[in-house]
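Hello,

Here is the structure I promised to pass on to you. Please open it alongside this note, and I will take you through what turned up.

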Amino acid sequence: MHLRPEESVAAAFRDKIAMQTAAQARYASLRDLPATARCGTTVALMMNAGLMADLPSLIGSGAEGVGLFRTELQFLIRNAVPKRGELAATYARVIEAAQGRPVVFRTLDIGSDKVLPFMKPEDEPNPAMGWRAIRVGLDRPGVLRMQLQALIRAAGGGPLTVMFPFIARAAEFEAARAMLLSEIDRTGARGEAVPDRLAVGAMLETPSLVYAPDGFFEAADFVSIGGNDLKQFFFAADRENERVRRRYDTLDPAYLGLIGRIVERCAAAGTPVSFCGEDAGRPLEAIALAALGIGTLSMRPASIGPVKAALRAVDLREAGAIIAAGCAAGVDSLRPALADWLRASAPDLPGETARAPAATD
Ligand code: PEP
Ligand code: MG
């Protein structure tokens, strides 16, 4: 039971309820099928999670793993900093519930909209652009170090995937990764088990990282686009502000151009790229992202069925051609052309599949 839950905790429970609605039954037959488009491209669909209550959805949704585990939720539901042993036990339960599927643990993203009940809120004029996420972790490394130790312990000699949030510069990623590697060395020196496979990735949530040196893209084991933040900083439109948050569309040619550039930079370095912002869970947006070359989409579990149904119904080369032609012609938005094409090429999909996001999305 959560009394007066913080908004992200309430959202996690809304997602859980969405998984249990009758509408999900429609997608049950797709659960064990791959998200392979008509052109033969297969997209990996993963789920976003953050609470133990999310985990039953992992099997039920057919997700291939957890593409984003928001670790701050475990801090938000407590009234004191959790102890390392408690965290290690929680992470071990998450790994166990995934039954061999990958789990991408994102280290703490506190600050901005996520204020811990036991931390003195910083009086910042612009918290979303303020002292948050990896910035806190690098400036005051105590809690991040403890969290990394808990993750290493939870992996118990198995694989471990860690992702650092809000990386704006290559040097931040290098410093965070060095901290993780030094904790692994210290754990090994004590004679304790260390991960047998390690993947260390960065969340790309600021436009600056798109233009990082090649060395960053080569050093990262993977890059995950946090579109919620990336879009707010690209358009300078606060994601929490109802007046502006829907003013700029994901299917704007300029934004899709930025995504295309990220895909190119990752491809040049041979680094896998995924997308874990809310747009990954919207069928039309998911098609556009896959057509641009994003190979993994991570979303709330209730979105996996609708996104998989849409991807399986289309040829991504056609979507790519529409995007390229629209960008070349200088259209205002790719949404009308993509939505018309989707309705015509996949008439059996539910009518809402091609719709624009609702005001509450
Ligand atoms: C994002 O910014 O897209 C993201 C997934 O992180 P969060 O929504 O937790 O900021
Ligand atoms: Mg973010």
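**The metal site**

E205 is buried, at 2% relative accessibility. I start there because this glutamate is under the 20% limit for a buried residue and is also one of the protein donors of the magnesium ion (ligand 2). Please keep in mind throughout that this is a predicted model.

The other protein donor is D229, and the two donors, E205 through OE and D229 through OD, lie 2.0 to 2.1 Å from the ion. D229 is buried too, with a relative accessible area of 3%. The pair links distant parts of the chain, 24 residues apart. E205 sits in the loop between β6 (197-204) and α8 (207-210), whereas D229 belongs to helix α10 (residues 227-234).

**The nonpolar cores**

How many residues does the largest nonpolar core have? It has 101, and those with the most contacts inside it are F164, F216, L297, L311 and L338. Helix α6 (residues 141-155) gives the most to this core, contributing eight residues. Apart from it lies another core, of six residues, including M163, M203, F222 and C276.

If you would like one residue to click on, try L338. Leaving aside neighbours within four places in sequence, L338 is in contact with L251, L284, A288, A319, I322 and I323.

**Helix α7**

Helix α7 (residues 170-189) has 20 residues. From its first C-alpha to its last it reaches 28 Å, close to the 28 Å expected at 1.5 Å a residue. The buried residues in α7 are A170, E172, F173, A176, M179, L180, E183, I184 and T187. An α-helix has 3.6 residues a turn, so residues three or four places apart point the same way. That is a useful thought to have when you look along the helix.

What covers the buried residues of α7? The cover includes α5 (134-139), α6, β5, β6, α8 and α9 (214-219). After α7 comes G191, with a positive phi near 85°.

**Aromatic rings**

The structure holds nine aromatic pairs. One to look at is F235 with Y255: the ring centres are 6.0 Å apart and the planes are at 40°, so the pair is tilted. This pair also links distant parts of the chain, with F235 in the loop between α10 and α11, Y255 in helix α11, and their positions 20 residues apart. Are F235 and Y255 buried or exposed? Both are buried. They belong to one aromatic cluster formed by F234, F235, Y248 and Y255.

Elsewhere, an arginine meets a ring: R132 lies over the face of F166, at 4.0 Å from the ring centre.

**A few single residues**

Two non-glycine residues have positive phi values. R4 has a phi near 45° and lies in the segment before α1 (7-19). A236 has a phi of about 50° and is found in the loop between α10 and α11 (253-269). R4 is exposed, with a relative accessible area of 77%, and A236 also counts as exposed, at 69%.

G158 is placed in the loop between α6 and β5 (159-167). Its relative accessible area is 14%, so G158 counts as buried. Leaving aside neighbours within four places in sequence, G158 is in contact with P195, D196 and R197. If you want a sense of scale, G158 and F216 are 58 residues apart in sequence and 26 Å apart in space, C-alpha to C-alpha.

Finally, there are two polar residues in contact with each other. T90 lies in helix α4 (residues 84-97), and Q74 is found in helix α3 (residues 72-76). Both are buried: T90 has a relative accessible area of 7%, and Q74 has one of 3%. Not counting residues up to four places away in sequence, T90 touches M52, Q74 and R78. On the same basis, Q74 touches G50, L51, M52, F69, P82, L87 and T90. M52 therefore appears in both lists, touching T90 as well as Q74.

Happy browsing, and do write back with any questions.

Best wishes

Methods: Residues are numbered from 1 along each chain as its sequence is written. Chains are lettered from A and ligands numbered from 1 in the order in which they are written. This is a predicted model: local features need pLDDT of at least 70, side-chain atom pairs count only at pLDDT 80 or more; totals for chains, interfaces and linings use all residues. Side-chain values use heavy atoms; hydrogens and water are left out. A nonpolar core is a set of buried Ala, Val, Leu, Ile, Met, Phe, Trp, Tyr and Cys residues joined through side-chain atoms within 4.5 Å. Buried means under 20% relative accessible area, exposed over 50%, partly exposed in between (1.4 Å probe, protein chains only). Helices (H or I, at least four residues) and strands (E, at least two) are DSSP runs, numbered from the N terminus. Contact means heavy atoms within 4.5 Å. Donors are N, O and S atoms within 2.8 Å of the metal (3.2 Å for Na, K and Ca); water is not among the atoms, so sites may look incomplete. Rings of Phe, Tyr and Trp (its six-membered ring) pair if their centres lie within 6.5 Å; planes under 30 degrees apart count as stacked, over 60 as edge-to-face and the rest as tilted. A charge sits over a ring if NZ of Lys or CZ of Arg is within 6 Å of the ring centre and within 35 degrees of the ring normal. The expected span of a helix is 1.5 Å times one less than its number of residues.
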